[in-house]
Amino acid sequence: MNAKTIRRIIGITTLVLWGVVVCSVFLDEGVRIAYQLDGWAFGIALMLTPVYAIMLTIHIGRGKHWLIRTAAWLGCAMVIYVCGVLFFVSTMLTDHRAWSNKDYVVYSEFGGFIEPNNFVLYQRDGFFDRKLYRLRCEDWGQNEKSEYTMYIPLDLIKEDFTYSPYFEADSICHATAFYRLSDGHLYSQDKNDSLISLINNQ
């Protein structure tokens with residue numbers, strides 16, 4: 001496989017990935033591409049774009065005047081810089097999947113530099129995840145792991161999660177919360193024992 005073919009494959013792949021990213025921007029509010037394919041496409045596109053830019057710059061500059069080569073490399077350096085910054089920022093700000101099963105998925109969505117992240121429930125619909133409601137924000141501490149159990153006949157969601165309290169990084173705590181599946185209503189903690197009994201007796 002020669003350099004031209006490799007460059008063409010990388011270029012087409014990068015273009016397709018950017019196409020997925022652009023399409024995700026035009027989805028209706030509250031709709032995401034399933035399995036975080038848009039996020040993966042964005043990350044891989046940010047890595048392939050500089051590679052393609054370097055290969056294209058070498059191809060364009062071959063045999064050209066030094067001014068043309070210099071301009072091409074300056075443009076290439078700018079592309080690499082922008083992609084590097086975007087990749088760094090995206091690792092900090094990108095939402096991530098906290099939990100999922102075949103019907104539902106919970107995303108930890110970036111809440112802002114001051115506000116905690118939000119845990120939001122989505123329902124799977126083919127190649128899309130459709131937002132239902134926010135479950136909670138990450139106000140207990142830094143979330144370590146979350147597990148959800150859906151009790152559809154009881155209209156109930158049980159959430160078990162572990163977290164590190166803020167300013168106590170060495171401590172790991174466990175908590176259980178219950179939500180109404182139909183609308184996301186959070187039950188108060190004093191209802192936990194009765195809800196657990198309800199689950200055990202179903």
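Q: What makes β6 and β7 count as a pair of strands?
A: The number of bridges between them. Two strands pair if at least two bridges are found, and β6 and β7 share nine, in the antiparallel sense. One place to look in this predicted model is Met150, which stands opposite Ile157 in β7.

Q: Which strands are called the edges of the sheet that holds β6 and β7, and what makes them edges?
A: The open sheet has three strands in the order β6-β7-β8, with antiparallel pairing. The edge strands are β6 and β8, since each pairs on one side only. Neighbouring strands here are turned by 20° against each other on average, with direction ignored.

Q: What lies across this sheet?
A: Helix α4, residues 192–200, lies across β6, β7 and β8 and runs at about 70° to β8.

Q: Why is Asp155 called partly exposed?
A: Partly exposed covers the range between the buried limit of 20% and the exposed limit of 50%. Asp155 has 24% relative accessibility, so it falls in that range.

Q: What makes the backbone of Asp155 worth a look?
A: Its phi is positive, at about 55°, although Asp155 is not a glycine. Most residues other than glycine have a negative phi. You will find Asp155 in the hairpin of β6 and β7, which has four residues between the strands.

Q: Why is Gln36 called buried?
A: Buried means under 20% relative accessible area; Gln36 is at 17%, so it counts as buried. Gln36 sits in the loop between β1 and α2, and it too is a residue other than glycine with a positive phi, near 55°.

Q: How do you know that the span of helix α2 agrees with its number of residues?
A: The expected span is 1.5 Å times one less than the number of residues. For the 25 residues of α2 (37–61) that gives 36 Å, and the end C-alpha atoms are 35 Å apart, so the two agree. Just after α2, Gly63 takes a positive phi of about 80°.

Q: How do you know that the reach of α1 is close to what is expected?
A: By the same rule of 1.5 Å a residue, the 23 residues of α1 should reach 33 Å, and the distance from first to last C-alpha is 33 Å.

Q: What covers the buried residues of α2, and what do those of α1 pack against?
A: The cover of the buried residues of α2 includes α1 (3–25) and α3 (66–93). Among those buried residues are Ala41, Leu46, Thr49 and Ala53. The buried residues of α1, including Ile10, Leu17 and Val21, pack against β1 (31–33) and α2.

Q: What makes a group of residues a nonpolar core, and how many residues does the largest one have?
A: Its members must be buried, belong to a set of nonpolar residue types and be joined through side-chain atoms within 4.5 Å. The largest such core has 16 residues, and Val106, Leu121, Leu135, Tyr148, Met150 and Ile157 have the most contacts inside it. The elements giving two or more residues include β3 (104–109), β4 (118–125) and β5 (128–137). A second, separate core of five residues includes Tyr151, Leu156, Leu195 and Ile199.

Q: Which residues does Met150 touch, leaving out those up to four places away in sequence?
A: Met150 touches Trp99, Asn101, Tyr104, Leu121, Leu156, Ile157 and Leu181. Ile157 is also the residue of β7 that Met150 stands opposite.

Definitions and conventions: Residues are numbered from 1 along each chain as its sequence is written. Side-chain values use heavy atoms; hydrogens and water are left out. Buried means under 20% relative accessible area, exposed over 50%, partly exposed in between (1.4 Å probe, protein chains only). Contact means heavy atoms within 4.5 Å. Axes are lines fitted to C-alpha atoms, for helices over the stretch in contact, and angles run from 0 to 180 degrees between N-to-C directions.
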